[in-house]
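Subject: Structure handover

Hello,

Here is the structure we discussed, with my notes on what turned up in it below. Please look through the model alongside the text.

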Amino acid sequence: MASWCFALAAQAEESEWPKGHYPLPEVGNMVGETYRVNAEYEDTLIDIARDHNVGYEEIIRANPEVSIWVPGEDTEVVIPGRHILPDAERKGIVINLAELRLYYYPEPAEGETARVETYPIGVGRDGYNTPLGMTETTMRLKDPAWYPPESMREEAAAQGEPPPSVVPPGPDNPLGEYAILLDIPGYLIHGTNQPDGIGMRASRGCIRMFPEDIESIFGRVPEGTPVNIIDAPIKLGFDNQGVPHLQAFAALGEQENGMNTLLGMLSALNQQQANEQVVDFERFSQTLERSNGDIVPLI
């Protein structure tokens, strides 16, 4: 009876965590679950995505047959809420450009459960790629002013629409209400006044978050927090039973250093074979070929 009550208490505690917050797994590297909800009459697919901690491309990939703007009342919508943690040190902030997701590993207080928080993001579009590598947070700004970069001012001037030299805080400010500066000149993690673009490659290189998400982490990310910006288009995951899963966002031929990544994964899967788990390598190949972001079990 005591153990049964403890299990119920643990489930209740976890169910009270905000969406996208998970205890770090003791075994494996996967968190969350894929689930389904029914659309209400006034919902758009983008509304549903935002309500469930999902970005634009994620919700579209998971529901290719559902209308973006008029899903229809009671239409079943898949919420891709399962995640493979990136193959990177679980410290500070890890941003995976390929999956348009940020992972935050807050330093747990004494006696607190170690956790990960994950949020959909917008990143740089073609020609304005978000830079890769290790950096750290510097200054945090509430109600930041926005100074349009020179390149943008020149483009706009050429079109006869020069922007102001500065945009003050307010509804027209593309940085939103919160900004966290990175130790890379000109790059920030910030909110947005166009939340429909979260989960897309649409910025000029900065990392955008839903207004409520950047507000959530703003006061909890101290200056000097490490930020690791990676591009991992394929990820190998293991659940708490040791079952391998594969997730791919881009075909192997489109990946920089893709073959090295693939060889490392095949080596890990061959180790699973040695542990008497029969890996389905045909499904592995099919998942790479589809590259649609689905998390696919390989057993």
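E99 is buried in this predicted model, because its relative accessible area is 3%, under the 20% cut-off. The residue is found in the loop between β6 (92–96) and β7 (101–105). Its side chain and that of K235 are joined by a polar contact of 2.6 Å. Beyond the neighbours within four places in sequence, E99 is in contact with E58, I84, P86, K235, Q247 and F249.

One of those contacts, Q247, belongs to strand β16. That strand covers residues 244–248, and five of its five residues are buried, so β16 is largely enclosed by the rest of the structure. In a regular strand, side chains alternate between the two faces of the sheet. Here P244, L246 and A248 point one way from β16, while H245 and Q247 point the other way, and all are buried.

The pairing of β16 is as follows. Strand β15 (residues 234–238) runs antiparallel to β16 and is joined to it by five bridges. I234 stands opposite A248 in this arrangement. The two strands form a hairpin with five residues between them, and G242, in the turn, has a positive phi of about 85°. β16 also pairs with strand β17 (residues 295–297), again in the antiparallel sense, over three bridges. On that side, Q247 has I295 as its bridge partner.

Next, the nonpolar cores. The largest has 21 residues, and those with the most contacts inside it are I93, I95, L102, I189, M209 and I217. At least two residues of this core come from each of β6, β7, β8 (115–124), β10, β13 (207–209), α5 (211–218) and β14 (226–230). Another core, of 12 residues, lies apart from it; F238, A248, M265 and F284 are among its members.

What does M209 touch, not counting residues up to four places away in sequence? M209 touches L102, Y119, P120, I121, I189, H190, G191, T192, I198, I214 and I217.

Two further loop residues are worth listing.

- P195 lies in the loop between β11 (188–190) and β12 (201–203). Its relative accessibility is 19%, so P195 counts as buried, the cut-off being under 20%. P195 touches R50, F210 and P211, leaving out residues up to four places away in sequence. P195 and G55 are 140 residues apart in sequence, yet their C-alpha atoms are 9.6 Å apart in space.
- V167 lies in the loop between α4 (150–158) and β10 (178–182). V167 counts as buried because its relative accessibility is 11%. Outside its neighbours within four places in sequence, V167 is in contact with A145, W146, D172 and N173. From V167 to P148 the C-alpha distance is 7.9 Å, with their positions 19 residues apart in sequence.

Finally, the totals for the protein chain. There are seven helices and 17 strands. Of the 299 residues, 45% count as buried. Among contacts with a separation of 6 or more, 65% are between residues 24 or more positions apart. The chain exposes about 15,900 Å², and carbon and sulfur atoms supply 50% of that area.

Regards

How values were computed:
Residues numbered from 1 in each chain as written. Predicted model: local features only at pLDDT ≥ 70, side-chain atom pairs only at ≥ 80, totals over all residues. Heavy atoms only, no water. Helix = DSSP H or I, 4+ residues; strand = E, 2+ residues; numbered from the N terminus. Buried < 20%, exposed > 50% of the residue type's maximum accessible area, 1.4 Å probe, protein only. Polar contact = N/O pair within 3.5 Å; in protein donor to acceptor, adjacent residues only side chain to side chain. Contact = heavy atoms within 4.5 Å. Areas by Shrake-Rupley, 256 points an atom, 1.4 Å probe, with all protein chains shown as cover. Core = buried A, V, L, I, M, F, W, Y, C linked by side-chain atoms within 4.5 Å. Pairing = 2+ DSSP bridges.
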